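Work through the exercises below with the model open. Try each task before reading its solution.

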Amino acid sequence: MQNFLYIHSNTGDFMSSWHQARVKIIEGLGYTVTLVNMTDYINPVMFPELNKLWRRKDSRLINLYNKLEPSLKSNDILLHFGGALIHPEFLQRFNLLKIYHCADDPDSSEILSKPVATSYDLCAISNPSVIEMYKSWGCENVSFWPLGGFYLGEHDSLIDFNKRKNDLSFLGSKYGVPTMRYVTRIPIIGNLDVFWNKKSFFNSLEKSFPDIKAYGPYWKNGFLAHEKVSNLFNDTKIGINLHNSLGPINSRLYDLPAHGVLQICDNKKKLSQVFELDKEIIGYDTLDEAKYLINYYLKENEQAERIANAGQLRYIKDYTQENIIKKLIKIIDDIKK
(Lines give C-alpha, C1' and ligand atoms only; values in the text may rest on other atoms or scores of the structure.)
Protein backbone atom coordinates (compact mmCIF):
# COMPACT_ATOMS: atom_id res chain seq x y z
CA MET A 1 0.00 0.00 0.00
CA GLN A 2 1.26 3.47 -0.90
CA ASN A 3 0.88 6.50 1.33
CA PHE A 4 -0.12 9.96 0.11
CA LEU A 5 0.82 13.28 1.65
CA TYR A 6 -1.86 15.63 0.31
CA ILE A 7 -1.13 19.32 0.93
CA HIS A 8 -3.02 22.41 -0.20
CA SER A 9 -3.20 26.15 0.41
CA ASN A 10 -6.91 26.85 0.01
CA THR A 11 -8.61 28.88 2.73
CA GLY A 12 -12.03 28.53 4.34
CA ASP A 13 -14.23 25.73 5.63
CA PHE A 14 -15.85 25.09 2.25
CA MET A 15 -12.60 24.31 0.46
CA SER A 16 -11.34 22.31 3.42
CA SER A 17 -14.44 20.12 3.18
CA TRP A 18 -13.91 19.78 -0.57
CA HIS A 19 -10.38 18.48 -0.05
CA GLN A 20 -11.54 16.14 2.71
CA ALA A 21 -14.09 14.63 0.31
CA ARG A 22 -11.32 14.03 -2.23
CA VAL A 23 -9.17 12.38 0.43
CA LYS A 24 -12.00 9.95 1.20
CA ILE A 25 -12.06 8.97 -2.48
CA ILE A 26 -8.31 8.29 -2.46
CA GLU A 27 -8.65 6.27 0.73
CA GLY A 28 -11.52 4.34 -0.83
CA LEU A 29 -9.14 3.24 -3.58
CA GLY A 30 -6.90 1.59 -0.99
CA TYR A 31 -4.39 4.30 -0.11
CA THR A 32 -3.64 6.00 3.18
CA VAL A 33 -3.64 9.79 3.11
CA THR A 34 -2.23 12.50 5.34
CA LEU A 35 -3.99 15.81 4.65
CA VAL A 36 -2.38 19.15 5.53
CA ASN A 37 -3.88 22.59 4.98
CA MET A 38 -0.82 24.83 4.86
CA THR A 39 -2.89 27.96 5.53
CA ASP A 40 -3.22 26.72 9.10
CA TYR A 41 0.39 27.91 9.42
CA ILE A 42 0.93 30.70 6.89
CA ASN A 43 -0.97 32.61 4.21
CA PRO A 44 -0.28 31.61 0.58
CA VAL A 45 2.12 33.84 -1.36
CA MET A 46 3.63 33.94 -4.84
CA PHE A 47 7.19 32.71 -5.34
CA PRO A 48 9.01 36.06 -5.10
CA GLU A 49 7.60 36.55 -1.60
CA LEU A 50 8.07 32.87 -0.73
CA ASN A 51 11.72 33.12 -1.70
CA LYS A 52 12.17 36.11 0.60
CA LEU A 53 10.55 34.23 3.48
CA TRP A 54 12.78 31.22 2.84
CA ARG A 55 15.98 33.28 2.66
CA ARG A 56 15.31 35.04 5.93
CA LYS A 57 14.08 31.84 7.60
CA ASP A 58 10.68 33.24 8.44
CA SER A 59 9.38 31.57 11.59
CA ARG A 60 5.93 30.83 10.15
CA LEU A 61 7.37 29.18 7.06
CA ILE A 62 9.95 27.19 9.01
CA ASN A 63 7.23 26.06 11.42
CA LEU A 64 5.20 24.77 8.46
CA TYR A 65 8.21 22.96 7.03
CA ASN A 66 9.02 21.41 10.41
CA LYS A 67 5.45 20.09 10.53
CA LEU A 68 5.71 18.70 6.98
CA GLU A 69 9.15 17.11 7.23
CA PRO A 70 8.17 13.87 9.05
CA SER A 71 5.36 13.26 6.56
CA LEU A 72 7.62 14.00 3.59
CA LYS A 73 9.99 11.34 4.91
CA SER A 74 7.37 8.70 5.72
CA ASN A 75 5.03 8.93 2.71
CA ASP A 76 5.50 7.57 -0.82
CA ILE A 77 3.70 10.26 -2.83
CA LEU A 78 3.40 14.02 -2.37
CA LEU A 79 0.32 15.58 -3.96
CA HIS A 80 0.85 19.33 -3.78
CA PHE A 81 -2.47 20.89 -4.75
CA GLY A 82 -2.49 24.54 -5.80
CA GLY A 83 1.20 25.12 -6.30
CA ALA A 84 1.98 27.51 -3.43
CA LEU A 85 4.26 27.69 -0.37
CA ILE A 86 6.81 24.91 -0.98
CA HIS A 87 10.28 26.19 -1.77
CA PRO A 88 12.24 23.96 -4.18
CA GLU A 89 15.35 24.01 -1.97
CA PHE A 90 13.30 22.53 0.86
CA LEU A 91 11.60 20.01 -1.42
CA GLN A 92 14.85 18.62 -2.84
CA ARG A 93 15.70 17.07 0.54
CA PHE A 94 13.07 14.36 0.07
CA ASN A 95 12.92 11.31 -2.18
CA LEU A 96 9.21 10.55 -2.48
CA LEU A 97 7.30 10.89 -5.78
CA LYS A 98 6.48 14.60 -6.03
CA ILE A 99 3.34 15.75 -7.86
CA TYR A 100 2.75 19.43 -8.59
CA HIS A 101 -0.78 20.59 -9.28
CA CYS A 102 -1.89 24.03 -10.37
CA ALA A 103 -5.02 25.42 -11.99
CA ASP A 104 -2.92 28.01 -13.80
CA ASP A 105 -4.22 31.41 -14.65
CA PRO A 106 -1.35 32.11 -17.10
CA ASP A 107 -1.18 35.74 -15.99
CA SER A 108 0.38 34.55 -12.75
CA SER A 109 2.25 31.43 -13.87
CA GLU A 110 5.58 33.24 -14.10
CA ILE A 111 5.51 34.01 -10.37
CA LEU A 112 3.71 30.90 -9.14
CA SER A 113 4.52 27.81 -11.19
CA LYS A 114 7.57 28.49 -13.35
CA PRO A 115 10.08 28.90 -10.47
CA VAL A 116 9.09 25.58 -8.84
CA ALA A 117 7.48 23.20 -11.35
CA THR A 118 10.70 21.54 -12.53
CA SER A 119 11.36 20.41 -8.93
CA TYR A 120 8.56 17.85 -9.21
CA ASP A 121 8.45 14.43 -10.87
CA LEU A 122 5.00 15.02 -12.34
CA CYS A 123 3.02 18.16 -13.12
CA ALA A 124 -0.70 17.37 -13.05
CA ILE A 125 -2.13 20.57 -14.48
CA SER A 126 -5.81 21.52 -14.59
CA ASN A 127 -5.56 24.08 -17.41
CA PRO A 128 -4.97 22.10 -20.61
CA SER A 129 -4.05 25.31 -22.46
CA VAL A 130 -0.77 25.65 -20.53
CA ILE A 131 0.57 22.11 -20.91
CA GLU A 132 3.05 23.17 -23.61
CA MET A 133 4.14 26.12 -21.46
CA TYR A 134 5.17 23.70 -18.71
CA LYS A 135 7.11 21.60 -21.20
CA SER A 136 8.91 24.73 -22.42
CA TRP A 137 10.13 25.26 -18.84
CA GLY A 138 11.79 21.83 -18.89
CA CYS A 139 9.10 19.81 -17.08
CA GLU A 140 9.35 16.25 -18.41
CA ASN A 141 6.10 14.67 -17.18
CA VAL A 142 3.15 16.99 -17.72
CA SER A 143 -0.44 15.76 -17.84
CA PHE A 144 -3.90 17.29 -17.93
CA TRP A 145 -5.61 16.59 -14.62
CA PRO A 146 -9.11 18.10 -14.55
CA LEU A 147 -10.07 20.35 -11.66
CA GLY A 148 -13.68 19.20 -11.53
CA GLY A 149 -16.51 20.99 -9.79
CA PHE A 150 -16.70 22.45 -6.32
CA TYR A 151 -20.35 21.51 -5.86
CA LEU A 152 -20.57 17.76 -5.89
CA GLY A 153 -24.20 17.61 -6.91
CA GLU A 154 -23.78 15.00 -9.58
CA HIS A 155 -26.88 13.09 -10.60
CA ASP A 156 -27.69 9.57 -11.73
CA SER A 157 -30.56 10.78 -13.88
CA LEU A 158 -31.16 13.89 -15.96
CA ILE A 159 -33.32 16.67 -14.53
CA ASP A 160 -36.23 17.80 -16.71
CA PHE A 161 -34.85 20.78 -18.62
CA ASN A 162 -38.26 22.26 -19.40
CA LYS A 163 -39.25 22.54 -15.74
CA ARG A 164 -36.30 24.78 -14.84
CA LYS A 165 -37.42 28.25 -13.80
CA ASN A 166 -34.23 30.30 -14.39
CA ASP A 167 -33.34 31.10 -17.98
CA LEU A 168 -29.83 32.30 -17.16
CA SER A 169 -27.53 32.21 -14.14
CA PHE A 170 -23.98 33.02 -13.09
CA LEU A 171 -22.08 32.29 -9.89
CA GLY A 172 -18.93 34.32 -9.26
CA SER A 173 -17.57 37.83 -9.05
CA LYS A 174 -19.18 40.37 -11.37
CA TYR A 175 -15.87 42.18 -11.82
CA GLY A 176 -13.44 39.29 -11.75
CA VAL A 177 -9.79 39.92 -10.97
CA PRO A 178 -8.38 43.46 -11.37
CA THR A 179 -5.81 43.80 -14.13
CA MET A 180 -3.63 45.86 -11.77
CA ARG A 181 -2.56 44.31 -8.46
CA TYR A 182 -4.01 45.93 -5.33
CA VAL A 183 -6.39 48.14 -7.34
CA THR A 184 -9.27 46.95 -5.12
CA ARG A 185 -7.64 48.84 -2.28
CA ILE A 186 -8.16 52.15 -4.12
CA PRO A 187 -11.95 52.56 -4.45
CA ILE A 188 -11.69 55.81 -6.43
CA ILE A 189 -9.99 54.13 -9.37
CA GLY A 190 -11.17 50.60 -8.62
CA ASN A 191 -14.54 51.36 -10.18
CA LEU A 192 -13.09 52.21 -13.58
CA ASP A 193 -13.85 49.49 -16.13
CA VAL A 194 -10.33 49.63 -17.54
CA PHE A 195 -9.00 47.87 -14.44
CA TRP A 196 -11.37 44.90 -14.64
CA ASN A 197 -11.54 42.00 -17.07
CA LYS A 198 -15.20 41.16 -16.50
CA LYS A 199 -16.95 44.34 -15.38
CA SER A 200 -17.98 45.76 -18.77
CA PHE A 201 -18.99 42.31 -20.01
CA PHE A 202 -21.36 41.63 -17.14
CA ASN A 203 -22.76 45.15 -16.94
CA SER A 204 -23.77 44.85 -20.59
CA LEU A 205 -25.06 41.30 -20.18
CA GLU A 206 -27.19 42.35 -17.21
CA LYS A 207 -28.81 45.10 -19.28
CA SER A 208 -29.72 42.60 -21.98
CA PHE A 209 -30.85 39.92 -19.50
CA PRO A 210 -32.09 41.78 -16.40
CA ASP A 211 -33.58 38.60 -14.92
CA ILE A 212 -30.21 36.82 -14.75
CA LYS A 213 -29.83 34.96 -11.46
CA ALA A 214 -26.31 36.08 -10.58
CA TYR A 215 -24.59 35.80 -7.22
CA GLY A 216 -21.21 36.75 -5.86
CA PRO A 217 -19.12 39.88 -5.20
CA TYR A 218 -20.54 43.09 -6.75
CA TRP A 219 -23.82 41.52 -7.86
CA LYS A 220 -27.00 43.08 -6.44
CA ASN A 221 -28.07 39.64 -5.16
CA GLY A 222 -24.88 39.34 -3.14
CA PHE A 223 -23.48 35.98 -2.10
CA LEU A 224 -25.31 32.66 -2.31
CA ALA A 225 -24.77 30.19 0.51
CA HIS A 226 -22.83 27.12 -0.61
CA GLU A 227 -25.64 24.79 0.37
CA LYS A 228 -28.00 26.63 -2.04
CA VAL A 229 -25.80 26.52 -5.13
CA SER A 230 -26.92 23.10 -6.37
CA ASN A 231 -30.55 24.22 -6.10
CA LEU A 232 -29.74 27.28 -8.24
CA PHE A 233 -28.06 25.20 -10.94
CA ASN A 234 -30.70 22.49 -10.85
CA ASP A 235 -33.28 25.17 -11.67
CA THR A 236 -31.25 26.85 -14.44
CA LYS A 237 -31.42 26.30 -18.19
CA ILE A 238 -28.36 28.27 -19.34
CA GLY A 239 -25.23 29.10 -17.39
CA ILE A 240 -22.81 31.72 -18.70
CA ASN A 241 -19.13 31.13 -18.01
CA LEU A 242 -16.28 33.65 -18.29
CA HIS A 243 -12.62 33.22 -17.32
CA ASN A 244 -10.19 35.85 -16.10
CA SER A 245 -7.74 34.88 -18.83
CA LEU A 246 -6.79 31.78 -20.82
CA GLY A 247 -8.85 28.72 -19.97
CA PRO A 248 -10.71 26.45 -19.85
CA ILE A 249 -10.04 26.02 -16.15
CA ASN A 250 -12.55 27.28 -13.58
CA SER A 251 -14.91 25.17 -11.49
CA ARG A 252 -17.98 26.52 -13.36
CA LEU A 253 -16.72 24.58 -16.36
CA TYR A 254 -17.63 21.40 -14.46
CA ASP A 255 -20.31 22.57 -12.02
CA LEU A 256 -22.69 23.64 -14.79
CA PRO A 257 -22.77 20.32 -16.70
CA ALA A 258 -22.75 18.42 -13.40
CA HIS A 259 -26.21 19.89 -12.81
CA GLY A 260 -27.47 19.53 -16.39
CA VAL A 261 -27.12 23.22 -17.27
CA LEU A 262 -26.39 24.28 -20.84
CA GLN A 263 -23.00 25.98 -20.59
CA ILE A 264 -22.16 28.94 -22.84
CA CYS A 265 -18.47 29.56 -22.26
CA ASP A 266 -15.63 31.81 -23.43
CA ASN A 267 -12.24 30.49 -24.62
CA LYS A 268 -14.16 28.99 -27.54
CA LYS A 269 -11.11 27.70 -29.41
CA LYS A 270 -9.84 25.84 -26.32
CA LEU A 271 -13.03 24.22 -25.04
CA SER A 272 -12.66 21.06 -27.10
CA GLN A 273 -9.79 20.08 -24.80
CA VAL A 274 -12.41 19.32 -22.14
CA PHE A 275 -15.87 19.06 -23.76
CA GLU A 276 -16.98 18.50 -27.35
CA LEU A 277 -17.79 21.89 -28.81
CA ASP A 278 -21.38 22.43 -30.00
CA LYS A 279 -22.36 18.95 -28.77
CA GLU A 280 -21.59 19.12 -25.03
CA ILE A 281 -20.81 22.81 -24.60
CA ILE A 282 -21.32 26.08 -26.50
CA GLY A 283 -18.46 28.52 -26.99
CA TYR A 284 -18.24 32.23 -27.72
CA ASP A 285 -15.49 34.74 -28.50
CA THR A 286 -17.24 38.08 -28.00
CA LEU A 287 -19.94 39.67 -25.86
CA ASP A 288 -22.25 40.05 -28.85
CA GLU A 289 -21.81 36.39 -29.72
CA ALA A 290 -22.59 35.40 -26.14
CA LYS A 291 -25.80 37.45 -26.17
CA TYR A 292 -26.85 35.98 -29.51
CA LEU A 293 -26.25 32.43 -28.29
CA ILE A 294 -28.20 32.95 -25.07
CA ASN A 295 -31.18 34.30 -27.00
CA TYR A 296 -30.89 31.53 -29.61
CA TYR A 297 -30.87 28.64 -27.12
CA LEU A 298 -33.63 30.15 -25.01
CA LYS A 299 -35.80 29.93 -28.14
CA GLU A 300 -34.43 26.57 -29.37
CA ASN A 301 -35.31 24.67 -26.23
CA GLU A 302 -34.91 21.18 -27.67
CA GLN A 303 -31.39 21.90 -28.94
CA ALA A 304 -30.47 23.44 -25.60
CA GLU A 305 -31.77 20.43 -23.71
CA ARG A 306 -29.94 17.98 -25.98
CA ILE A 307 -26.57 19.74 -25.51
CA ALA A 308 -27.12 20.18 -21.77
CA ASN A 309 -27.91 16.47 -21.39
CA ALA A 310 -24.84 15.50 -23.43
CA GLY A 311 -22.68 17.76 -21.28
CA GLN A 312 -24.00 16.15 -18.12
CA LEU A 313 -23.42 12.64 -19.46
CA ARG A 314 -19.83 13.58 -20.36
CA TYR A 315 -19.35 15.00 -16.87
CA ILE A 316 -20.64 11.79 -15.27
CA LYS A 317 -18.37 9.72 -17.54
CA ASP A 318 -15.12 11.67 -17.12
CA TYR A 319 -15.26 14.50 -14.60
CA THR A 320 -16.80 13.39 -11.33
CA GLN A 321 -14.31 13.69 -8.50
CA GLU A 322 -14.02 9.91 -8.28
CA ASN A 323 -13.12 9.66 -11.97
CA ILE A 324 -10.68 12.56 -11.66
CA ILE A 325 -8.88 10.86 -8.78
CA LYS A 326 -8.77 7.60 -10.72
CA LYS A 327 -7.21 9.50 -13.63
CA LEU A 328 -4.45 10.75 -11.34
CA ILE A 329 -3.75 7.23 -10.06
CA LYS A 330 -3.43 6.02 -13.67
CA ILE A 331 -1.03 8.89 -14.50
CA ILE A 332 1.08 7.93 -11.46
CA ASP A 333 1.11 4.27 -12.46
CA ASP A 334 2.10 5.16 -16.03
CA ILE A 335 5.14 7.23 -15.03
CA LYS A 336 6.31 4.45 -12.70
CA LYS A 337 6.40 1.89 -15.50
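The exercises that follow cover a sheet, a helix packed on it, a cavity, a second helix and a single residue in a predicted model.

**Exercise 1. Trace the open sheet of six strands and give its strand order.**

Solution.
- Step 1: Read off the order, which is β2-β1-β3-β4-β5-β6.
- Step 2: Check the direction of pairing; it is parallel.
- Step 3: Find the edges. β2 (32–37) and β6 (142–144) each pair on one side only.
- Step 4: Add the twist, which averages 20° from one strand to the next.

**Exercise 2. Find how many bridges join strand β1 to β2, and place Asn 3 opposite its partner.**

Solution.
- Step 1: Take β1 as residues 3–8.
- Step 2: Count the bridges to β2. There are six, and the two strands run parallel.
- Step 3: Locate Asn 3. Thr 32 in β2 stands opposite.

**Exercise 3. State which strands helix α3 lies across, and give its angle to β1.**

Solution.
- Step 1: Select α3, residues 59–74.
- Step 2: List the strands beneath the helix: β1, β2 and β3 (77–81).
- Step 3: Compare directions. Helix α3 runs at about 145° to β1.

**Exercise 4. Describe the largest cavity by volume, lining and residue class.**

Solution.
- Step 1: Count cavities of 30 Å³ or more. The structure holds one.
- Step 2: Give the volume, about 30 Å³.
- Step 3: Collect the lining: Val 45, Met 46, Phe 47, Leu 50, Gly 83, Ala 84, Leu 85, Ile 86, Ile 111, Leu 112 and Val 116.
- Step 4: Assign elements. Those giving two or more residues to the lining are α2 (47–55) and α5 (109–112).
- Step 5: Sort by class. The lining has 10 nonpolar residues, one polar and no charged.

**Exercise 5. Identify the buried residues of helix α9 and what covers them.**

Solution.
- Step 1: Select residues 226–234.
- Step 2: Apply the cut-off for buried, under 20% relative accessible area.
- Step 3: Keep Val 229, Leu 232, Phe 233 and Asn 234.
- Step 4: Look for the cover over these residues. It includes β7 (166–171), β8 (213–215), β9 (236–241) and α10 (252–258).

**Exercise 6. Is Asp 167 buried, exposed or partly exposed, and why?**

Solution.
- Step 1: Place Asp 167 in strand β7.
- Step 2: Take its relative accessibility, 40%.
- Step 3: Recall that buried means under 20% and exposed over 50%.
- Step 4: Conclude that Asp 167 is partly exposed, because its value is 40%.
- Step 5: List its contacts beyond four places in sequence: Lys 237, Ile 238 and Leu 298.
- Step 6: Set Asp 167 against Leu 79. The two are 88 residues apart in sequence and 40 Å apart in space, C-alpha to C-alpha.

How values were computed. Residues numbered from 1 in each chain as written. Predicted model: local features only at pLDDT ≥ 70, side-chain atom pairs only at ≥ 80, totals over all residues. Heavy atoms only, no water. 1 Å grid on protein atoms, 1.4 Å probe; cavity = no way out; pocket = protein on both sides within 12 Å on 5 of 7 lines; lining within 4 Å. Points joined across faces, edges and corners; volume = space filled by probe spheres on them. Helix = DSSP H or I, 4+ residues; strand = E, 2+ residues; numbered from the N terminus. Nonpolar A, V, L, I, M, F, W, Y, C, P; charged D, E, K, R; others polar. Buried < 20%, exposed > 50% of the residue type's maximum accessible area, 1.4 Å probe, protein only. Contact = heavy atoms within 4.5 Å. Pairing = 2+ DSSP bridges. Axes fitted to C-alpha atoms, helices over the stretch in contact; angles between N-to-C directions.
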